[in-house]
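Reader: I am new to this structure and would like to understand how its descriptions are justified. Could you take me through them with care?

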2 protein chains.
Amino acid sequence: MTAPLDFWFDFASPYGYLASTRIDGIATRYGRAVRWRPILLGAIFKVSGMKPVMEQPLRGEYLAHDVPRFARLLEVPLTMPAKVPLHALAACRAYWWLEPSDPVKAHALAAAIYHAHWGEGRDVATAEQVAEVATSLGISASDLIAGVQDPLVKDRLRAETDEAIRRGVFGVPFIQIDGESFWGADRLGQVEEWLARGGW
Amino acid sequence: MTAPLDFWFDFASPYGYLASTRIDGIATRYGRAVRWRPILLGAIFKVSGMKPVMEQPLRGEYLAHDVPRFARLLEVPLTMPAKVPLHALAACRAYWWLEPSDPVKAHALAAAIYHAHWGEGRDVATAEQVAEVATSLGISASDLIAGVQDPLVKDRLRAETDEAIRRGVFGVPFIQIDGESFWGADRLGQVEEWLARGGW
């Protein structure tokens with residue numbers, strides 16, 4: 001077993017959702033774990049000077065057509081949420097609140113949040129909405145709602161964002177394998193190829 | 001034989017170059033021709049509000065690493081040109097000068113320009129430099145240099161850019177198959193899948 005893959009994503013990103021449904025399976029085939037790392041892309045856009053894709057003329061229309069098409073190809077459920085873009089602050093903090101004590105459950109929580117938002121179209125903007133998803137995994141709603149207000153949790157999310165920027169993350173999903181970066185759900189094929197061949 | 005694919009690109013785009021080395025082969029396997037349509041992405045950025053990728057912090061560094069890696073995967077020659085970004089005005093006009101009278105040779109010229117710039121790292125910014133590439137295909141250098149100054153040719157390039165915008169092109173390479181749009185060299189797999197299955 002070699003080092004885990006890093007998988008950076010923002011819960012607001014539909015391409016992050018699509019990649020999230022495949023990344024564990026791909027890594028597992030090559031004996032690797034995946035470290036899920038939710039971040040707020042908005043903080044990164046401040047450095048990169050990019051704009052959210054949905055706010056870009058022409059490109060936003062493409063995305064609205066491409067995301068459902070991509071989901072059909074992967075055969076994963078997709079319901080466009082009524083309210084986008086999601087401000088995923090509470091969801092990110094909930095993850096980083098849970099992760100130090102129970103990384104496996106935090107991973108399951110992230111997958112459940114992604115499924116609720118993009119698979120079922122539910123809003124998960126508030127701590128209460130995130131807690132509703134979390135209770136189905138046996139996580140205490142009141143603990144989570146208190147947890148996301150913890151200054152240490154807020155610091156952790158900031159530190160994760162800083163590390164992502166330092167590691168070159170400028171968009172999501174963003175995957176690193178032994179220092180090699182791959183950006184975008186459409187690079188999952190190259191990620192798998194890299195793992196299979198050990199680089200090229 | 002059904003309708004040809006549309007393949008929009010800018011000679012300045014290395015991902016356009018990478019896609020150009022594969023698109024004909026993919027289309028041919030499914031009995032399709034490809035209509036190569038060089039445009040100036042700068043004109044489209046004025047509408048989309050995007051910035052050239054190389055000018056974006058973080059993303060530019062990724063590109064400098066990703067392009068050679070992608071080229072190695074496809075096993076195509078790549079030499080980073082000393083001078084980027086290329087302003088491909090003369091190259092585009094040369095294509096649209098030749099295309100009405102000899103579309104097959106225009107296609108070959110575009111491939112030769114791409115190879116010279118990204119395969120060999122040569123500068124092809126001026127009409128004289130483009131003509132040097134063209135003469136190897138039996139095209140008259142003096143005819144080409146005069147042709148790119150023809151007002152009808154300038155109009156044609158503007159009309160092509162306008163049509164690209166109308167058809168939703170916001171980046172390159174951009175491929176349309178029977179009205180379905182695919183953006184990016186990393187979507188060649190989906191392009192092939194779409195042709196093989198007739199959609200999904």
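The conversation below goes through the reasons behind several descriptions.

Author: Please keep in mind from the start that this is a predicted model.

Reader: What makes chain A as compact as a globular protein of its length?

Author: The radius of gyration of chain A is 16 Å, and the globule rule gives 16 Å for 200 residues, so chain A is as compact as a globular protein of that length. Along its principal axes, the C-alpha trace of chain A spans about 50 × 40 × 35 Å. Of the 200 residues in this chain, 42% count as buried, and among contacts between residues at least 6 apart in sequence, 71% join residues at least 24 apart.

Reader: Which secondary structure elements does chain A contain, and in what pattern do they follow along the sequence?

Author: Chain A has 10 helices and four strands, and read along the sequence they follow the pattern β-α-α-β-α-α-α-α-α-α-α-β-β-α.

Reader: Why is strand β1 of chain A called largely enclosed?

Author: A residue is buried if 20 or more other C-beta atoms lie within 10 Å of its own. Four of the five residues of β1(A), residues 5-9, are buried, and therefore the strand is largely enclosed by the rest of the structure.

Reader: How do you know that β1(A) pairs with β2(A), and in which sense do they run?

Author: Two strands pair if DSSP finds at least two bridges between them. Five bridges join β1(A) to β2(A), which run parallel, so the cut-off for pairing is met. In one of these bridges, the partner of F9(A) is P38(A) in β2(A). With β3(A), strand β1(A) pairs over three bridges in the antiparallel sense, and there W8(A) has F174(A) as its bridge partner.

Reader: What are the edge strands of the sheet in chain A?

Author: The sheet is open, with four strands in the order β2-β1-β3-β4 and mixed pairing. Its edge strands are β2 (34-38) and β4 (180-183) of chain A, each of which pairs on one side only. Neighbouring strands of this sheet are turned by 20° against each other on average, direction ignored. Four bridges join β3(A), residues 174-177, to β4(A), and these two strands run antiparallel; in β4(A), E180(A) is the bridge partner of I177(A). Helix α10 of chain A, residues 188-197, packs on the sheet, where it touches β3 and β4 of chain A and its direction makes about 5° with that of β3(A).

Reader: Why does I165(A) count as partly exposed?

Author: A residue needs 20 or more C-beta neighbours to be buried and 12 or fewer to be exposed, with partly exposed in between. I165(A) has 18 C-beta neighbours inside 10 Å, and so counts as partly exposed. This residue lies in helix α9 (residues 151-166) of chain A, and, leaving aside its neighbours within four places in sequence, I165(A) is in contact with I44(A) and V47(A). From H65(A), by contrast, I165(A) is 100 residues apart in sequence and 30 Å apart in space, C-alpha to C-alpha.

Reader: Turning to chain B, what makes α5(B) roughly perpendicular to α9(B)?

Author: Helices α5(B) and α9(B) pack at an angle of about 105°, with their axes 9 Å apart. Angles of 65 to 115 degrees count as roughly perpendicular, and therefore α5(B) is roughly perpendicular to α9(B). The contact is made by C92(B), R93(B), W96(B) and W97(B) of α5(B), together with V153(B), K154(B), R156(B), L157(B) and E160(B) of α9(B).

Reader: Which helix gives the largest share of the largest nonpolar core?

Author: The largest nonpolar core has 60 residues, and those with the most contacts inside it include A91(B), Y95(B) and I113(B). The largest share of this core, eight residues, comes from helix α5 (residues 89-98) of chain B. Leaving aside its neighbours within four places in sequence, A91(B) is in contact with F11(B), P38(B), I113(B), V124(B) and V130(B). Apart from this core lies another of 59 residues, among them A164(A), F170(A), F182(A) and A185(A).

Reader: Why is one side of β2 and of β4 of chain B left without a neighbour in the sheet?

Author: The open sheet of chain B has four strands in the order β2-β1-β3-β4, with mixed pairing. Strands β2 (34-38) and β4 (180-183) of chain B stand at its edges, each with a single partner strand, so one side of each is left without a neighbour in the sheet.

Definitions and conventions. Residues numbered from 1 in each chain as written. Chains lettered and ligands numbered in written order. Predicted model: local features only at pLDDT ≥ 70, side-chain atom pairs only at ≥ 80, totals over all residues. Core = buried A, V, L, I, M, F, W, Y, C linked by C-beta atoms within 7 Å. Contact = placed C-beta atoms within 7 Å. Rg over C-alpha atoms; globule rule 2.2 N^0.38 Å. Axes fitted to C-alpha atoms, helices over the stretch in contact; angles between N-to-C directions. Parallel < 35°, antiparallel > 145°, perpendicular 65-115°, else oblique.
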